[in-house]
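Me: Please go through this structure with me, one question at a time. Short reasoning and a definite result at the end of each reply will do.

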Amino acid sequence: MEKRELRVGFYPTTSCYGCQLNVLNIEDKLIDIFTEVKIVCFHMATSASKIEESVDVAFIEGAVVTEDDEELVKKVREKAKYVVAMGTCACHGGVQSANIGAGFSLDEAIKTVYGENFQFDMKVMPPRPLDKVIDVDFYLPGCPIEKEEFLYFLATFIWSTWPEQKDFPVCQECRQKGNPCVVIEEGKPCLGPFTTAGCGARCPSLGLPCMGCRGPIKEIQRVDAMAKMMEKNGVDPLEALKRMKVFGGHSDEIIEKFKSLVRGE
Ligand code: SF4
Ligand code: SF4
């Protein structure tokens with residue numbers, strides 16, 4: 001493996017900035033990160049940030065919601081060798097897409113949140129995940145991202161390799177930990193079977209159902225078996241579907257599959 005000089009940028013679109021904050025929260029490794037790679041753009045960390053400069057890896061946080069967001073991500077795509085969708089907003093649309101997933105129009109959503117007469121001084125659009133606007137090379141989900149997973153991504157880029165994308169469910173990590181299953185034991189609507197692993201099954205490890213904050217898995221073959229398992233244990237699949245749309249409103253394939261199961265098709 002060959003170590004390379006890496007030019008890295010962090011770019012925010014519409015989001016809570018929590019993923020970028022979590023990068024800055026890696027306090028014990030922050031000096032290493034800033035010495036190992038050249039940070040070209042990271043507005044939360046340095047006023048010397050330059051959006052227009054080229055980078056090897058661009059970490060883009062947030063969903064594309066405004067015209068400015070769209071312009072920014074297209075500009076970054078032109079200047080970046082690799083684009084990483086950072087966080088569930090960038091990967092799946094995130095919580096700001098929840099209303100869209102639930103069938104609200106953008107107008108209805110705006111009126112519900114801001115009232116009838118609110119005027120925006122920017123052009124807003126229905127929130128979209130990054131890959132509905134530009135090509136994305138890698139996905140780093142999480143709300144916010146996991147610090148260890150970010151370090152793993154960065155290390156692979158530094159050493160001229162690529163991060164392996166996780167496509168197995170939270171259930172796998174949950175079973176490895178030996179947790180009692182909150183669906184089977186307590187009839188709670190846990191989204192672990194449908195959600196991308198990587199958090200170490202944080203919520204079920206605390207006895208709480210997974211809310212799906214890392215977004216749905218891509219591999220969907222087991223959806224029917226898992227949906228039936230939920231129903232058998234007293235979990236309303238409609239409740240699970242409603243929860244799935246909170247973070248994965250744009251994950252049409254898994255949502256459609258789940259809907260058809262709920263309708264008994
Ligand atoms: S359904 Fe939830 S609690 Fe049960 S094994 Fe999967 S992640 Fe764990
Ligand atoms: S268990 Fe689910 S809701 Fe909790 S952190 Fe992991 S993916 Fe997110």
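Me: Which residues lie nearest the centre of the largest pocket?

Reply: The model is a predicted one. In it, the largest pocket holds about 450 Å³ of space. Its lining is made up of 22 residues. Those nearest the centre are His92, Pro216, Ile217, Lys218 and Ser251.

Me: Which helix supplies the largest share of the lining of that largest pocket?

Reply: By class, the lining has eight nonpolar, five polar and nine charged residues. Two helices, H4 (88-92) and H13 (252-262), each give at least two residues to the lining. The largest share is three residues, and the helix they come from is H13.

Me: How do the residues around ligand 1 divide by class?

Reply: The shell consists of Val170, Cys171, Cys174, Arg175, Cys181, Val182, Val183, Cys190, Gly192, Pro193 and Pro204. H8 and helix H9 (182-186) are the elements that give two or more residues to this shell, and H8 has the largest share with four. The division is nine nonpolar, one polar and one charged.

Me: What is the division by class around ligand 2?

Reply: Ligand 2 is surrounded by Thr195, Cys199, Arg202, Cys203, Pro204, Cys210, Met211, Gly212, Cys213 and Arg214. Pro204 also appears in the list of residues around ligand 1. Counted by class, the shell of ligand 2 has six nonpolar, two polar and two charged residues.

Me: Within what arc do the buried residues of H8 fall?

Reply: Helix H8 spans residues 170-177, and its buried residues are Val170, Glu173 and Cys174. Seen down the helix axis, these residues line one face of H8, because they fall within an arc of 100°.

Me: Which helix is included in what covers the buried residues of H8?

Reply: The residues to be covered are Val170, Glu173 and Cys174. Among the elements that cover them is a helix of residues 202-205, namely H10.

Me: What is the phi of the glycine that follows H8?

Reply: The glycine in question is residue 178. Its phi is positive, with a value near 75°.

Me: Is glutamate 149 buried or exposed?

Reply: Glutamate 149 is found in helix H7. Leaving aside residues up to four places away in sequence, it touches Leu140, Pro141, Lys166 and Arg214. Arg214 is also one of the residues around ligand 2. With a relative accessible area of 7%, against a cut-off of under 20%, glutamate 149 is buried.

Me: Where is the proline that follows a cis peptide bond found?

Reply: Most peptide bonds are trans. The bond from cysteine 143 to proline 144 is cis, with omega near 0°. Proline 144 is found in the loop between strand S7 (138-140) and helix H7 (147-158).

Me: What is the phi of tyrosine 17?

Reply: Most residues other than glycine have a negative phi. Tyrosine 17 lies in the loop between strand S1 (6-12) and helix H1 (18-24), and it counts as partly exposed because its relative accessibility is 35%. Its phi is positive, near 70°.

Me: What relative accessibility does serine 160 have?

Reply: Serine 160 lies in the loop between H7 and H8. Its phi is positive, near 60°, in a residue other than glycine. Serine 160 counts as partly exposed, and its relative accessibility is 27%.

Conventions
Residues numbered from 1 in each chain as written. Chains lettered and ligands numbered in written order. Predicted model: local features only at pLDDT ≥ 70, side-chain atom pairs only at ≥ 80, totals over all residues. Heavy atoms only, no water. Near = heavy atom within 4 Å. Nonpolar A, V, L, I, M, F, W, Y, C, P; charged D, E, K, R; others polar. Buried < 20%, exposed > 50% of the residue type's maximum accessible area, 1.4 Å probe, protein only. Arc of directions from axis to C-beta. Contact = heavy atoms within 4.5 Å. 1 Å grid on protein atoms, 1.4 Å probe; cavity = no way out; pocket = protein on both sides within 12 Å on 5 of 7 lines; lining within 4 Å. Points joined across faces, edges and corners; volume = space filled by probe spheres on them.
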